[in-house]
Amino acid sequence: MPTLRLDLDRETYDHLLRQAEAERRPIVWQAEVAIRRALHLPFPADKPEDAEPTSDAAVPR
């Protein structure tokens with residue numbers, strides 16, 4: 001699976017963090033959801049069964 005690294009300004013990161021907490025997702029998953037929503041793609045994505053899972057890092061507090 002391709003990986004994307006983004007540098008975010010504090011306002012964007014804080015908003016993403018608030019959304020992750022509200023939707024009870026790890027922030028990495030929330031970023032994936034936000035990108036798919038912005039691109040008008042369904043979520044969850046249709047992933048092949050052999051696809052590697054995304055990180056399950058905890059939401060930072």
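**View 1. Arg24 sits in the loop between helix 1 (10–22) and helix 2.** This is a predicted model. Arg24 is not a glycine, yet its phi is positive, about 55°. Is Arg24 buried or exposed? Its relative accessibility is 77%, so Arg24 counts as exposed, the cut-off being over 50%.

**View 2. The whole protein has 2 helices and 0 strands.** Of its 61 residues, 20% count as buried. The accessible surface of the protein comes to about 5300 Å². Carbon and sulfur atoms hold 54% of that surface. Among contacts with a separation of 6 or more, 43% are between residues 24 or more positions apart.

**View 3. Helix 2 has the span expected of a helix with 12 residues.** At 1.5 Å a residue, helix 2 should span 16 Å. The C-alpha atoms at its ends are 16 Å apart, so the model agrees with the expected value. Which residues of helix 2 are buried? They are Ile27, Gln30, Val33 and Arg36. These buried residues pack against helix 1.

**View 4. Val28 is a residue of helix 2.** Its relative accessible area is 40%, so Val28 is partly exposed, between the 20% and 50% cut-offs. Leu16 is 12 residues away from Val28 along the chain. The C-alpha atoms of Val28 and Leu16 are separated by 9.5 Å.

**View 5. Arg36 is buried but has no salt bridge.** Arg36 belongs to helix 2 (residues 27–38). Side chains of opposite charge can pair when their charged atoms come close. How far from Arg36 is the nearest side chain of opposite charge? That side chain is Glu32, and it is 5.6 Å away. A salt bridge needs a nitrogen of Lys or Arg within 4 Å of a carboxyl oxygen, so Arg36 and Glu32 do not form one. Which residues does Arg36 contact, leaving aside neighbours within four places in sequence? The contacts are with Leu41, Pro42, Phe43 and Ala45.

**View 6. His40 follows helix 2 with a positive phi.** The value is near 60°, in a residue other than glycine. His40 is found in the segment after helix 2. With a relative accessible area of 74%, His40 is exposed, because that value is over 50%.

**View 7. Arg5 and Asp7 form a salt bridge.** Their closest N and O atoms are 2.9 Å apart. Arg5 is exposed, and Asp7 is exposed too. The count of salt bridges in the model comes to 4.

**View 8. Asp14 and Arg10 form a salt bridge within helix 1.** The N to O distance is 3.3 Å. How many residues separate Asp14 and Arg10? They are 4 residues apart, about one turn of the helix. How exposed is each partner? Asp14 has 27% relative accessibility, so Asp14 counts as partly exposed. Arg10 has 58% relative accessibility and therefore counts as exposed.

**View 9. Arg25 forms a salt bridge with Glu23.** The closest N and O atoms of this pair are 2.3 Å apart. Salt bridges that share partners join Glu23, Arg25 and Arg37 into one network. Glu23 has a relative accessible area of 32%, so Glu23 is partly exposed.

**View 10. Leucines and an isoleucine form a nonpolar patch on the surface.** Which residues make up this patch? The members are Leu4, Leu6, Leu8, Ile35, Leu39 and Leu41. Together they have about 570 Å² of accessible area. One of them, Leu6, lies in the segment before helix 1. Leu6 has a relative accessible area of 52%, so Leu6 counts as exposed. Another member, Leu41, is also among the residues in contact with Arg36.

Notes
Residues numbered from 1 in each chain as written. Predicted model: local features only at pLDDT ≥ 70, side-chain atom pairs only at ≥ 80, totals over all residues. Heavy atoms only, no water. Buried < 20%, exposed > 50% of the residue type's maximum accessible area, 1.4 Å probe, protein only. Lys, Arg positive; Asp, Glu negative; His and termini not counted. Contact = heavy atoms within 4.5 Å. Expected span 1.5 Å × (residues − 1). Patch = residues over 30% accessible without salt bridge, like charges linked within 9 Å, V, L, I, M, F, W, Y side chains within 5 Å. Areas by Shrake-Rupley, 256 points an atom, 1.4 Å probe, with all protein chains shown as cover.
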